[in-house]
Amino acid sequence: MEHASHPLILGIESSCDDTSAAVIRGPQVLSNVVANQALHAEVGGVVPEWASRAHLRKIQPVVQAALDKAGVTASDLDAIAYTLGPGLQGSLHVGTSFAKAMAWGLDIPSIPVHHMRAHILAHVLEPGLPPAYPFLCLTVSGGHTQLVKVRRPNDMEVLGQTLDDAAGEAFDKVAKLIGLPYPGGPVVDKLAAQGDPKAFSFSRPRMDGYNWSFSGLKTQVLNFLKQAQDKDANFVQDNQVDICASVQAAILDMLMAPLIQAVEDTGITEVAIAGGVSANSGLRARLAEANAEHGWTVHIPPMAYCTDNAAMIAAVGWLDALDALEGTLEASPSPRLPALTSLAQPKEG
Ligand code: KG4
Ligand code: ZN
């Protein structure tokens, strides 16, 4: 590799419904282009077949836009990192095939990346200050909710996770119940800011260890709304902001409890959040409070690196390249990938 510690890396992300490409040099993000797929909003969820077809249409122009914005050409690249999983199989295939073919054509390494590891390692990108190791990371997205102890970029331990729905899914499902568009998380966040979090009370079940369960909350809200609407047909529309604020408060209390416990148990006060739900203003505020009140050193990602983006994929490519790890053309995408360790192997020779 030409630039030993600061190679030029193209990242490609296509695990769900965002097509993204980014170019980084070391921690510096030169471009990060994200094309959202608005077409799923009309059915209130991601349609996997539509997603993969949209990726196919968008991937080439998105990659080209990322190169152009960074002011580089494909022949300047040192490696291409791409999401191998977890995610939607068809969507992953598009990014994987494109990245491996492009790397093969350019005769540079391709580096397969674990999407959830990338959410965590987005913290090494500028303008943030990277967390000191070891740190705890609460990774909260539409498909995952995990509490991870990060000893090194390639040494992570999942301390706890959701036993059913992810936190983002809880936001999205409740949003659907009150008639809000998909994805519901950002809309609930916005409405919650105008409502009273104590207006309605929902229980906050605690699981063993550092685990979560969010499916009960959805059922609780469903039953609550049914009863309230039986008495008053306009209940939802008249109380939207208070419902959002009360549900969000419950989700945030549930999210924070195992995190607070883990800080107490491990003594690690270096704490990060990652994933789509880390864009939530309430969660960001809770972390800032913990920073001020309990002396945690918190790391909150810039908005652009919270939801799915290719800069975080490129970041993992950079860190793996530093460890002399790279992928092979045999790497095959997978919707489920449990380990958070590198998916690349030591370079031959
Ligand atoms: O990480 P991400 O972009 O995609 C996955 O890997 O799943 O996360 C998407 C999830 C969705 O459930 C979305 O509703 C949620 O993140 N989300 C939010 C906010 N922004 C995105 N949830 C709550 N508040 C937000 N501001
Ligand atoms: Zn994600």
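**Exercise 1. Work out how the donor residues of the zinc ion (ligand 2) are spaced in sequence.**

Solution.
- Spacing: the donor residues follow H-x3-H-x188-D.
- Identity: H115 (NE2), H119 (NE2) and D308 (OD) coordinate the zinc ion (ligand 2) at 2.0 to 2.1 Å. Donors here are N, O and S atoms within 2.8 Å of the metal (3.2 Å for Na, K and Ca); water is not among the atoms, so sites may look incomplete.
- Helix: H115 and H119 are about one helical turn apart, because they lie 4 residues from each other in helix α3 (residues 115-121). Helices (H or I, at least four residues) and strands (E, at least two) are DSSP runs, numbered from the N terminus.
- Exposure: H115 and H119 are both buried. Buried means under 20% relative accessible area, exposed over 50%, partly exposed in between (1.4 Å probe, protein chains only).

This is a predicted model: local features need pLDDT of at least 70, side-chain atom pairs count only at pLDDT 80 or more, and totals for chains, interfaces and linings use all residues. Residues are numbered from 1 along each chain as its sequence is written, chains are lettered from A and ligands numbered from 1 in the order in which they are written, and side-chain values use heavy atoms, with hydrogens and water left out.

**Exercise 2. Describe the lining of the largest pocket.**

Solution.
- Term: on a 1 Å grid over the protein atoms alone, a pocket is an open set of points where a 1.4 Å probe fits, with protein on both sides within 12 Å along at least five of seven lines; lining residues have an atom within 4 Å of a point.
- Volume: about 1,300 Å³. A volume is the space filled by probe spheres set on the points, which are joined across faces, edges and corners.
- Residues: 45 line the pocket, with D17, G142, D172, Y182 and P183 nearest its centre.
- Elements: β3 (28-36), α3, α4 (167-177) and α5 (184-192) each supply at least two lining residues. The largest share, 6 residues, comes from α4.

**Exercise 3. Describe the second largest pocket.**

Solution.
- Volume: about 330 Å³.
- Residues: 19 line this pocket, and G143, H144, Q146, Q161 and R336 lie nearest its centre.
- Elements: β7 (145-152) and β8 (155-161) each give at least two lining residues.

**Exercise 4. Explain why C137 is in no bond with C306.**

Solution.
- Count: the structure holds 0 disulfides. A disulfide is a pair of cysteine sulfur atoms within 2.5 Å.
- Distance: the closest cysteine sulfur to that of C137 is in C306, 11 Å away, too far for a bond.
- Exposure: C137 counts as buried, at 0% relative accessibility. C306 also counts as buried, at 0%.
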